Amino acid sequence: MQIYLPIAEVSVNAFLLLGLGGLVGILSGMFGVGGGFLMTPLLFFIGIPPAVAVATEANQIVASSFSGVLAHFRRKTVDFRMGFVLLIGGLAGAALGVVVFNHLKSLGQVDLLVKLCYVGFLGVIGGLMFIESVNAIRKSRGAAGGAPAKRRQRSWVHALPFKMRFRTSGLYISVLPPIIVGLVVGVLAAIMGVGGGFVMVPAMIYILGMPTKVVVGTSLFQIIFVTAFTTMLHATTNFTVDVVLAVLLLVGGVIGAQIGTRIGVKLKAEQLRVLLALMVLAVCGKLALDLLLQPAELYSLGAAGGH
């Protein structure tokens, strides 16, 4: 069933979009990531111009994250105070990111930048996550407790000023690291059309020292507001939000998030992280190949985006 997307100016199979939305929703519920870092490249692969994919995907993340947060809220695994601190940085970062995005769009360089950002980020994050989770699995098997490593990671965070107590996470740390994490995630949300969960989840575990069970819900809570704000900015300054595309991805995403949350409960945290790392690396590899192998097609896409 082909459907025409007015803003993207392409025809795509509606069931394919619903399926992609569902797949990304499942990941959102399982890993506490908005799923945009996988969805946006998947949209590139089916021929959606990068500028439209980025702006529209931010919209879809809002719904799948909201759906995921509801499930975590019922389990009381959302640290709202930490969420609000992350949000302060996130909103500032999103505004900054949209300014950069618009500037590059006027230069006609935005498509290439988005793809290069993806290859770089996914490669680094996927690699680090994979190494970290394999080590965690080894430690849990050898029963050599991983506590000392965590304490070493947290010491410099504890030395910073402006401390605040986060009861749900059992932390008493400076508000500066969460604000900086939020800021980085906000910039990524605007430029790459991602919720930033793939950066935020590892940062919350390894830098802030938050317990894994609270990280997923808190990450999703912050993602909702940052991506909603990003979508609004893109819609009003770029006019690149494709409503038809967004609705199809939304329907799939909301259903998928509920399924993903149920699956996530049944798997161990380390296993989840290994799976996520492998998926990130796979998408990174495909994107890098596309950049290397198909220059002719990329130019034609860029021309369509500029048009």
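**Exercise 1. Determine which helix gives the largest share of the nonpolar surface patch, and place Leu275 relative to that helix.**

Solution. Helix α10 (residues 243-266) contributes the largest share of the nonpolar patch, namely six residues. The structure is a predicted model, and in it the patch as a whole is formed by Val243, Val247, Val251, Ile255, Ile259, Ile263, Leu267 and Leu275, which together have about 640 Å² of accessible area. Turning to Leu275, this residue lies in helix α11 (residues 269-293). Its relative accessibility is 40%, and Leu275 therefore counts as partly exposed, since that class lies between the limits of 20% and 50%.

**Exercise 2. Decide whether Gln222 is buried or exposed, and list what it touches beyond its sequence neighbours.**

Solution. Begin with the position of the residue: Gln222 belongs to helix α9, which covers residues 212-237. Next, consider its accessibility, which is 0% in relative terms, so that Gln222 counts as buried, the cut-off for that class being under 20%. Finally, with residues up to four places away in sequence set aside, Gln222 touches Gly83, Leu86, Leu87, Gly90, Gly182, Val185 and Met200.

**Exercise 3. Describe where Arg75 and Arg81 are found, and state which residues accompany each of them.**

Solution. Arg75 sits in the loop that runs between α3 (50-74) and α4 (80-107), and because its relative accessibility is 40%, Arg75 counts as partly exposed. Together with Arg74, Arg262 and Lys266, Arg75 forms a positive patch on the surface. Arg81, for its part, is located in helix α4, and its relative accessibility of 40% means that Arg81 counts as partly exposed. Once neighbours within four places in sequence are left aside, Arg81 is in contact with Met164, Arg165 and Phe166. For the pair Arg81 and Phe166, the separation is 85 residues in sequence, while the C-alpha to C-alpha distance is 6.5 Å.

**Exercise 4. Summarise the protein chain by its secondary structure, its burial, its contacts and its surface.**

Solution. First, the secondary structure of the protein chain consists of 12 helices and four strands. Second, of the 307 residues in the chain, 51% are buried. Third, among contacts with a separation of 6 or more, 78% are between residues 24 or more positions apart; the pair Arg81 and Phe166, at 85 residues apart, has such a separation in sequence. Last, the accessible surface of the chain amounts to about 13,500 Å², and carbon and sulfur atoms account for 71% of that area.

Note on methods. Residues are numbered from 1 along each chain as its sequence is written. This is a predicted model: local features need pLDDT of at least 70, side-chain atom pairs count only at pLDDT 80 or more; totals for chains, interfaces and linings use all residues. Side-chain values use heavy atoms; hydrogens and water are left out. Helices (H or I, at least four residues) and strands (E, at least two) are DSSP runs, numbered from the N terminus. Buried means under 20% relative accessible area, exposed over 50%, partly exposed in between (1.4 Å probe, protein chains only). Contact means heavy atoms within 4.5 Å. Accessible areas come from the Shrake-Rupley method with a 1.4 Å probe; for residues, only the protein chains shown count as cover. Patches are made of residues with over 30% relative accessible area and no salt bridge: like charges are joined within 9 Å, nonpolar side chains (Val, Leu, Ile, Met, Phe, Trp, Tyr) within 5 Å. A salt bridge is a side-chain nitrogen of Lys or Arg within 4 Å of a carboxyl oxygen of Asp or Glu. Lys and Arg count as positive and Asp and Glu as negative; His and the chain ends are not counted. The place of a charge is taken as NZ of Lys, CZ of Arg, CG of Asp or CD of Glu.
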